[in-house]
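The following questions and answers walk through one structure, from whole chains to single residues. Please keep the sequence and the model open beside the text.

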Amino acid sequence: MIDREQVLHVARLARLELTDAEVGQMSAELSAVLDHIKKIGELDLSGVAPTSHVVEVVSALRPDVVDPSLPVEVALASAPAVAGGGFLVPSPQAPVTSSEGQSLR
Amino acid sequence: MNREFEPVIGLEIHVQLSTKTKMFCGCALSFGEPPNTHTCPVCLGLPGTLPRANARAIHFGLMIGLALGSELAPRSIFHRKNYFYPDLPKGYQISQYDEPLCRGGQLGDIRIHRVHLEEDAAKLVHAGSSGRIHGSEASVVDFNRGGTPLAEIVTEPDVRSAAQAREWLTLLRTTLRRLGVSDVNMEEGSLRCDANISIRAVGSTELGTKTELKNMNSFRYLERGVNAEIARQEALLRAGGEVVQETLHFDPATERITSLRSKEEAHDYRYFPEPDLVPVAISEEMLSAARDAMPELPAARETRLVGLGVSDANARQLAWRTELGDYFEAALGAGGNGSAQPQALANWVCNELVARVGEEDPNASSVTPAALAELVGLVAAKAVTIGNAKLVLDRLVADGGGPSQIIETEGLGAMGGGDDALDPIVEAALAANGDVAEKIKSGNMKAIGAIIGHVMRETKGRADGAEVTRIVREKLGV
Amino acid sequence: MTEARNTFSELTAMTACTAVEAIERGDISAAEVFEAYRVAAAADDLNAYLWVAEEAPPAAPAGAALAGVPLAVKDLFCTEGVPSQAGSKIIEGYRPPYTASVVARLAAAGAPLLGKTNQDEFAMGSSNENSAFGPVLNPWDRARVPGGSSGGSAAAVAAGSAPWALGTDTGGSIRQPAALCGIVGLKPTYGTISRYGMIAFASSLDQAGPLTRDVSDAALLLAHMVGKDERDCTSVGFPGVIERPTATTLAGVRLGVPEELTGDGIGMEPGVLAAFNATLALAEELGASVETCHLPHATHALSAYYVLAPAEASSNLARYDGVRYGARVEDGSLVGMYTKTRSQGFGAEVKRRIMLGTYSLSSGYYDAYYGSAQRVRTKIAEDFRAAFEGFDFIVTPTSPSVAFELGAKTADPLSMYLSDYCTVPMSLAGIPAISIPNGLSEGLPTGFQLAGPAFSENRILDAAFALEQAIGFDASGARTPA
Ligand SMILES: [Mg+2]
Ligand SMILES: [Zn+2]
């Protein structure tokens, strides 16, 4: 069961906007699916290792060798808005003028 | 009520690794090139692209782990850290979460919690009002920096003051520079430090609510920022308030601290194992390659220098200021004219030379290590007095050249030591200061200072004080 | 101008293998084959194509293994300079600056790009009704769905407007539409084919594969798809080569029929089950042994899948933010732009799965959902490993139902999800499985699924070939008369 509040919270995390009607519908549909999914909770999975991946490869590292980069006009070609050789976006509402590593934690 | 508070500080340091290419693609790292000239489908997060981890970044990560005495994970994995921001092209950062490359360790008196690898964000530049989108302020994203390999080093909350934080970060920088894994330049952003700060009553063992302080992009600002936040928290608690867990931004210009994010926007990063990458398994080969690449680290160097007979204080300075240590060792190895004793040489490097070149790298000065070694050798051989040797060093700093030649042309060579020229001058000095000579004869050796002073004046400092004393004793039979 | 030696219908009636051989013999030219298909694809009225080549590509290099026989490619494969939209409005008209590794590999082997095929948006769907560009129609009955998500590829191959096509399979997206359209669809072992350039749905499950008219074509196309790719570190390649299947019997082959995927309570249509049982009898006649087996955790596969796939998808689809490519809807603020762009750019099913995935990864729910699902995945892989100790192949009907009518399941996501009941377990285990046409039920195709251990593609193809010859499926019901 996932209620309206949870639906709204998850939508915010996913950067999705739902109309009032959609919130109700989403709540009902997701609840039905989650009810079905919940059955896996009945299994005894203690001591079972999780599988992230079925391939048995490890490392597969890339040598530190330079490949050519894209010409800037190709890099920007599909962008909805461009200015000064960069991708133009509305400013994040943060009290700084540069994001020098700011969004990293 | 005037309780005493104690700060509890943990540091999170992001270090840009000096690989040739980015963490997960073959784009060359960028050094101020025009925006978006170092991008490719992978680091732009184009649909369908996949990351591949840079082997050298892993190698550098292992070297950092070895340097910090960390436990190196035989198997580590990358996770996705999900959040939306324009500097994050995929909507997630590839980072490490509960299975990092290195765990634990210690540097100086601060314990290390973990070291993990991740990719850097792109650069978001404020475009000002000129680039308005529908009336709002606009920014421009430059993906050149996006994807640069980062090592994130997290300490335990062992730091107890802003000054200690600054001092320790200096140690870390020296260590990383010595490893050659990063440019470690705070102003240029290749070394970035965030601090988790809380305060508690002295004597308490509980941790207070912490805040995370960001954007301290120099050593000075780190110290100021941490002090400002400690003061803010103290004032808050003394006023009966409570510290709120939040991310804060230090503005060096105003020294003001502001909240970066509102509480409603609490993050939920939804970490999960990155399905586009496979686990990193550290092979014996990778480990030995990292071990073989390890230079001597400051702590080991300090011990070795003490073993050579260098004083503790000088050994510490030479070891932790890599460039001084390198200069010292070059001078020690230069040999040549008169072999300098390690402690004497260390003393000249750490005191006289540093006094003259300051924070500059002495290797870039006009005093070659060989010239300083020669000068120190000449002092030891009493071929020049200490006072005149300092003048020679002044000349070396100003113009370069060789000490012997400067001594020769400036006539700064020491008199005495088999040089008969000193004898008549001492004779004359005793004659001119009969009363002093009498005092000396009667056992007052302190009075000899006047005779030495006289001789020094006559010889313009070239006389060796010890030699003058020897001649006086000989002449007066004391 | 001389009279054409071959009519379009003669050329497009050939299987890909036959066409390759005819071109190699010099009976027909690659150029005329390409043109015949180009005209057929351009005339497609099933909404199977989102883009069709306007002119013939440069001639395939002499001696190229695939001789210039053209290839239809699911929209989500990136093709340089050619629209690659993954069936979504959010990247409508997007033309990537690079080509997916497997498409490039096939072009180099002599299979040029014929067109891009319609699909469920971001491969999320089992009916193709989730395409932003309208549903694909089933060539057997235009009131019905072709299956999904590779519905455009399946319909194009079934209808004869493409000799063969590329699809992708995450939980059944090659096998199920192949079954519903009466063609062959193969999901290879995870990792055998590069994912580089495949617009991702669920990275740990997505795998490219062939949709073809017969098993021999599937083997030929697959042979030129497999291979390790430095750009995809989860790719492992294939040990050995994919060979042309030749088996005529199933002597000594042990077929296991998992009770969990064929028994009661899963809504298997009686006609589908009857066709399945008929083929099992045929298999026994060919020398196979058929026995019931068990995959104890297979009943939970769909649940695990609907945790894992949406979770990965919620993250994979975060990049569609209106900054670097695709649509953007301005709304003053950054968050407003993100939200409006994504809400208007994604379709309902994609939003539903993003919500589901975001929820199951979110703080407090990870262990209960994602963590448990990963463990169920482990158990399912173990179930298959155990089963393959006693059986060479696990066989099931591919889909519990024949093609359903357009709109029949759109109102009930859960019933739509059940279409993948028999195909999802193999996806979770990463093992190969093929669907071959298995006769008709109520005049519509059904599929027979054959799954084997990892890297058993050659054995699967051989067994499927022997069955195919014995079944003798008549595919003409999907062809519009020339
Ligand atoms: Mg970080
Ligand atoms: Zn790149």
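Q: How many helices and strands make up the secondary structure of chain B?
A: Helices and strands here are DSSP runs, helices being H or I with at least four residues and strands being E with at least two, numbered from the N terminus. The model is predicted, so local features need pLDDT of at least 70 and side-chain atom pairs count only at pLDDT 80 or more, while totals for chains, interfaces and linings use all residues, and side-chain values use heavy atoms, with hydrogens and water left out. Residues are numbered from 1 along each chain as its sequence is written, chains are lettered from A, and ligands are numbered from 1 in the order in which they are written. On these terms chain B comes to 15 helices and 17 strands.

Q: What radius of gyration does chain B have?
A: The C-alpha trace of chain B spans about 95 × 60 × 50 Å along its principal axes. The radius of gyration is taken over C-alpha atoms, and the globule rule is 2.2 Å times the number of residues to the power 0.38. For a compact globule of 478 residues the value would be near 23 Å, but chain B has 30 Å.

Q: What percentage of the residues of chain B count as buried?
A: Buried means under 20% relative accessible area, exposed means over 50%, and partly exposed lies in between, with a 1.4 Å probe and protein chains only. The accessible surface of chain B, from the Shrake-Rupley method with a 1.4 Å probe and, for residues, only the protein chains shown as cover, is about 19500 Å², and 50% of this area belongs to carbon and sulfur atoms. Of the 478 residues of chain B, the buried share is 55%.

Q: In what order do the elements of chain A run from the N terminus on?
A: Chain A has 105 residues, of which 46% count as buried, and it exposes about 5100 Å², with carbon and sulfur atoms supplying 56% of that area. Its secondary structure comes to 3 helices and 2 strands. From the N terminus on, the order is α-α-α-β-β.

Q: Which arrangement do the 4 donor atoms around the zinc ion (ligand 2) make?
A: Donors are N, O and S atoms within 2.8 Å of the metal (3.2 Å for Na, K and Ca), and water is not among the atoms, so sites may look incomplete. The zinc ion is coordinated by the SG atoms of B:Cys25, B:Cys27, B:Cys40 and B:Cys43 at 2.3 to 2.4 Å, and in sequence these donor residues are spaced C-x1-C-x12-C-x2-C. Four donors count as tetrahedral if all angles lie between 85 and 135 degrees. Because the 4 donor atoms subtend angles of 101 to 117°, the arrangement is tetrahedral.

Q: Is B:Cys27 buried or exposed?
A: B:Cys25, another donor to the zinc ion (ligand 2), has a relative accessible area of 4% and is buried. B:Cys27 has a relative accessibility of 1%, and therefore counts as buried.

Q: Why is helix α10 of chain C described as largely enclosed by the rest of the structure?
A: Helix α10 covers residues 301–316 of chain C, and its 16 residues reach 22 Å from the first C-alpha to the last, close to the 22 Å expected at 1.5 Å a residue, where the expected span is 1.5 Å times one less than the number of residues. The helix is largely enclosed because the number of its residues that are buried is 16 of the 16.

Q: What distance separates the C-alpha atoms of C:Phe122 and C:Leu76?
A: C:Phe122 is found in the loop between β3 (113–117) and α5 (151–159) of chain C, and with a relative accessible area of 1% it is buried. Leaving aside neighbours within four places in sequence, C:Phe122 is in contact (heavy atoms within 4.5 Å) with residues including C:Ile199, C:Phe201, C:Tyr320 and C:Phe346. C:Phe122 and C:Leu76 are 46 residues apart along the chain, and their C-alpha atoms are separated by 7.2 Å.

Q: Which residue does a cis peptide bond join to C:Gly148?
A: Most peptide bonds are trans. In this model, a cis peptide bond with omega of about 10° follows C:Gly148, and the residue it joins is C:Ser149.

Conventions. Tetrahedral: all angles 85-135°; square planar, octahedral: opposite > 155°, others 65-115°.
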